[in-house]
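This briefing goes through one protein chain by topic, starting with charged pairs and ending with totals for the chain. Please keep the structure open while reading.

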Amino acid sequence: MVVFRIIMLVLVLLLNTREVKCFAAIRAKSQSLVEMRRLSLQKTKKSNNAKKKHGSIKHMQQTDTSLSKSYLLDVIDEASYRQAYAIEALDREVERQRIQQQLDDSKTDRIEARRDELSNISIKLKNIQSSLYTDQLDKQSMEHTKQEICKLGYASIFKQPQSSWKSNKAIEKEFGRPFGFDGQLYYSPLGVPILVGRMNAHKDDIMRNAANGADLWFQVEDYNGSRVLLRTSLMRGTMNSKKCKQMAADLAAKFSVWGDHRYESIPVIYTDSRKVAKRGTKVGSMKKSKSLGRMMGYPKNV
């Protein structure tokens, strides 16, 4: 009987020891899982903070654009686009109220006053743009020009990345305008798109990449003007159209240093897009020896 009790006591002790060890193992495993979860949360928090910081830096890089003549001209183009859009909205509202016979004298006076205000701002923007083209600007002058634009109510443009500007969303829908090209776009009498790069500020590489073999490049003979691309490749049967060529030559003459000096005609050369420099600092430049012809451009026809 005594032996039996001793055996039972030993078994109980063994079982208790095993339970203690199991409990200790479970507790240790639980603590390990808690620690792993804690470390995981810390890593996630650090990762999120890093992403926020990176996003903030990236946004600052997008919006912190250094002042330059080209950038200020782009800002003025954006401001002018918003001005024109606002004026068109007023005109549409007047037309809508006229049709619905809801237009009275008080509304007419308010709308006209607002329209005159917007028109005056547009004139001031054009004056600033003209001074940028003609004046030699240093850092202080460019900062002064920026302040003038801000006083007209367009300080927000400088805080926004150019990819979010309203004019970009509108111009990308235009037929014949390559992505990223922010210069002038015209259409010939046959509907052929004609690109006009802004003189000394346009993106020749974008125009050159958009050009195909059937397209023609135009520029005044002494090279003091904007390059013009006649995109005949987008319209079949227009490659040899004299009307299209003449309009491209007229635009090249108009957007040159001689275009505003009341010259009746200005010599213009043109060449195949395949003969235009494709890379390096001379992208888009043409040689007189490789020109396909010479014709006169008439600025007054534009």
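Arg114 and Glu117 both sit in helix α3 (residues 105-134), three residues apart, which is about one turn of the helix. Their side chains form a salt bridge, with N to O at 3.3 Å. The model is predicted.

**Salt bridges within helices**

- Arg114 is partly exposed, because its relative accessibility is 37%.
- Glu117 has a relative accessibility of 41%, so this residue also counts as partly exposed.
- A salt bridge also joins the side chains of Glu78 and Arg82, at 2.7 Å from N to O.
- Glu78 and Arg82 are about one helical turn from each other because they are four residues apart in helix α2 (residues 69-99).
- Both members of this pair, Glu78 and Arg82, are buried.
- The count of salt bridges comes to three.

**The salt bridge between Arg294 and Glu221**

- Arg294 forms a salt bridge with Glu221, and the closest N and O atoms are 3.1 Å apart.
- Because Arg294 lies in strand β6 and Glu221 in the loop between β3 and β4, the pair ties together parts that are 73 residues apart in sequence.
- Is Arg294 buried or exposed? Arg294 counts as exposed, because its relative accessible area is 52% and the class of exposed residues begins over 50%.
- Glu221 is partly exposed, with 23% relative accessibility; the limit for buried is under 20%.
- Apart from neighbours within four places in sequence, Arg294 is in contact with Glu221, Pro267, Val268, Ile269 and Tyr270.
- For one of these contacts, Tyr270, the C-alpha to C-alpha distance to Arg294 is 6.5 Å, with their positions 24 residues apart in sequence.

**The sheet**

- Six strands make an open sheet with antiparallel pairing, in the order β1-β2-β4-β3-β5-β6.
- Why is one side of β1 (184-187) and of β6 (293-297) left without a neighbour in the sheet? These two strands stand at the edges, and each has a single partner strand.
- From one strand to the next, the twist averages 25°.
- Strand β3 (residues 216-220) pairs with β4 in the antiparallel sense, over three bridges.
- Trp217 has Leu229, in β4, as its bridge partner.
- β5 and β6 run antiparallel and are joined by five bridges.
- Opposite Met296 of β6 stands Pro267.

**The two faces of β6 and the helix across the sheet**

- In a regular strand, side chains alternate between the two faces of the sheet.
- In β6, the covered face has Gly293, Met295 and Gly297, while the uncovered face has Arg294 and Met296.
- The exposed residue of the salt bridge with Glu221, Arg294, is thus found on the uncovered face of β6.
- Helix α7 lies across β1, β2 (193-196), β3, β4, β5 (266-272) and β6.
- The angle between α7 and β6 is about 65°.

**A nonpolar patch at the surface**

- Phe175, Tyr187 and Leu234 make a nonpolar surface patch of about 250 Å².
- Where in the chain is Leu234? Leu234 is in the loop between β4 (228-230) and α7 (242-254).
- Leu234 counts as partly exposed because its relative accessibility is 32%.

**Totals for the chain**

- The chain contains seven helices and six strands.
- Starting at the N terminus, its elements follow the order α-α-α-α-α-β-β-α-β-β-α-β-β.
- The chain has 302 residues, of which 32% count as buried.
- Of the contacts between residues at least 6 apart in sequence, 68% join residues at least 24 apart.
- About 20,000 Å² of the chain is exposed, and carbon and sulfur atoms supply 54% of this area.

Methods. Residues numbered from 1 in each chain as written. Predicted model: local features only at pLDDT ≥ 70, side-chain atom pairs only at ≥ 80, totals over all residues. Heavy atoms only, no water. Patch = residues over 30% accessible without salt bridge, like charges linked within 9 Å, V, L, I, M, F, W, Y side chains within 5 Å. Areas by Shrake-Rupley, 256 points an atom, 1.4 Å probe, with all protein chains shown as cover. Salt bridge = Lys/Arg side-chain N within 4 Å of Asp/Glu carboxyl O. Buried < 20%, exposed > 50% of the residue type's maximum accessible area, 1.4 Å probe, protein only. Pairing = 2+ DSSP bridges. Axes fitted to C-alpha atoms, helices over the stretch in contact; angles between N-to-C directions. Contact = heavy atoms within 4.5 Å.
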